[in-house]
Every structure is written in C-alpha cells, then in structure tokens.
Amino acid sequence: MKRSLTALALLALPFLAQAQAAPKRAKPNTALLPATTNPAQRNAEAAKEVEALERQRFAAQVSKDYAFLEKAFADDLVYTHSGGKQNDKSEYLQSIRDGKSVYDKIDVEHINVRAYNGGLTAVVNGQITIYQPNKPDGTPNVAHIKYVTTQIKDPKKGWQVVLWQSQKQPEAK
C-alpha cells in the first residue's frame, strides 16, 4: 500500500509543479462594477442609464450646457460629423462656442443601447432630426441623421462618449 501511495505521489509531482508555476489570472476590477452581481442585470441597468444620458446630452447641445458636455465627452473623444469632418473634444466644444455647430432643436426618433462588459461599455445607434438656424435663403435647415456612439464608464467621471459617428439621411418624400 505504501509503495502504491509513493508511486502515485511521484506520478503527481510534475502536475503539481506545473500548477504552481502557472500564472494566476487577474481578478476583474469589481470596484468599477455596479452593486448587482449579475452581468446581464448590470448590462440592462447600464443601457437604461446610457439612454437617459444620450437624451440629456442632446438637450445640453441645444442649450449649450458646457459643464454637462465637458463631463459627457471623454478627453480622447473622436467626433465625426455627418459630413465627414472630425473633431476632438476641445475642437467640438469650441465649434459650439463659436457658433459653427448650432442646434436649435434635436428630436430623438430612435435610440438602441447595447451594454457590454458587465455594464462598463455601451454601443448606441439611433436616429435623430437636427433643426438648425434657417439657411440664408430662409428655408428650414433640417438634417435627418443616423448615428453610432460608444460610451465607456469611467470610475471617477461616469459615462463618457468616446466615439460619435453620424451620417445624413435623404429627405423623406
């Protein structure tokens, strides 16, 4: 019996050595995650939160609420306008201040939010109508836009837009 146990121990030694040498997996940083432990529930809660923030952000763009916009946009924002021009955060906010990006009204027609990574990342696609000041000839300046945006949840700053991409849609006939 002693020989069997000794032989078994000798056979197990290589496996034990390999298990000890294997790198330990890093545990996820749960400090960033909401209190609930169910990832699907965290994703659902995040999707609701991001949808509300999207609507607030559109309202802030109209009202020129720079304090809100400073928080809503990440420092490494890439903002691609429907005409293809790209801005970083400071350029985009300056374009609003300078009157280059003017929004009289933004109507949200559709928003779809998909949250991932246990409620820490969200991809949003939607459709909006932007009303801007009339064209020089007095005709309405209305843009129908489809867009995609990505938001991340920063542990200190909350949800922030890191990417915006939009495309004008043809006028409905």
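In this predicted model, a helix is a DSSP run of H or I that covers at least four residues, and the helices are numbered from the N terminus. With that in mind, we can begin in helix α2, where Arg-55 and Glu-51 both lie, four residues apart, which is about one turn of the helix. These two residues form a salt bridge, in which the closest N and O atoms are 3.1 Å apart. Side chains of opposite charge can pair when their charged atoms come close. Arg-55 is partly exposed, with a relative accessible area of 39%, and Glu-51 is also classed as partly exposed, with a value of 29%.

Helix α2 holds another such pair, for the side chains of Arg-57 and Glu-54 meet in a salt bridge at 2.9 Å, N to O. Because Arg-57 and Glu-54 are three residues apart in helix α2, they are separated by about one helical turn. Both Arg-57 and Glu-54 are buried, whereas Arg-55 is partly exposed.

Not every salt bridge stays inside one helix, and a further example shows this: the side chains of Asp-75 and Lys-89 meet at 3.1 Å, N to O. This pair links distant parts of the chain, since Asp-75 is in strand β1 and Lys-89 is in helix α4, 14 residues apart. Are Asp-75 and Lys-89 buried or exposed? Asp-75 counts as exposed because its relative accessible area is 56%, and exposed means over 50%. Lys-89, on the other hand, counts as buried because its relative accessible area is 9%, and buried means under 20%. Both residues also belong to a network of salt bridges that links Glu-70, Asp-75, Lys-89, Arg-97 and Lys-157. Over the whole model, the count comes to eight salt bridges.

We now turn from the helices to the strands. Strand β4, made of residues 121-132, runs antiparallel to strand β5, residues 141-154, and 12 bridges join the two. To see this pairing in the structure, find Thr-129, which stands opposite His-144 in β5. Strand β5 also pairs in the antiparallel sense with strand β6, residues 158-168, this time over 10 bridges. Here Lys-146 stands opposite Gln-167 in β6, and a hairpin of three residues joins β5 to β6. When looking along any such strand, it helps to remember that in a regular strand the side chains alternate between the two faces of the sheet.

The strands and helices come together again around the largest pocket, which has a volume of about 510 Å³. Its lining is made up of 30 residues, and those nearest its centre are His-81, Ser-82, Ser-101, Tyr-103 and Gln-132. The elements that give two or more residues to this lining are α2 (39-63), α4 (89-97), β4, β5 and β6. Which element gives the largest share of the lining? The answer is β5, with five residues. By character, the lining residues divide into 12 nonpolar, 11 polar and seven charged.

One residue of the lining, His-81, deserves a look of its own. His-81 is placed in the loop between β1 (73-80) and β2 (86-87), and it counts as buried because its relative accessibility is 17%. Leaving aside residues up to four places away in sequence, His-81 touches Asn-87, Tyr-92, Ser-101 and Ser-166. Among these contacts, Ser-101 is also one of the residues nearest the centre of the largest pocket.

Definitions and conventions: Residues are numbered from 1 along each chain as its sequence is written. This is a predicted model: local features need pLDDT of at least 70, side-chain atom pairs count only at pLDDT 80 or more; totals for chains, interfaces and linings use all residues. Side-chain values use heavy atoms; hydrogens and water are left out. Two strands pair if DSSP finds at least two bridges between them. On a 1 Å grid over the protein atoms alone, a cavity is a set of points where a 1.4 Å probe fits but cannot get out, and a pocket is an open set with protein on both sides within 12 Å along at least five of seven lines; lining residues have an atom within 4 Å of a point. Grid points are joined across faces, edges and corners, and a volume is the space filled by probe spheres set on the points. Ala, Val, Leu, Ile, Met, Phe, Trp, Tyr, Cys and Pro count as nonpolar, Asp, Glu, Lys and Arg as charged, and the others, Gly among them, as polar. Buried means under 20% relative accessible area, exposed over 50%, partly exposed in between (1.4 Å probe, protein chains only). Contact means heavy atoms within 4.5 Å. A salt bridge is a side-chain nitrogen of Lys or Arg within 4 Å of a carboxyl oxygen of Asp or Glu.
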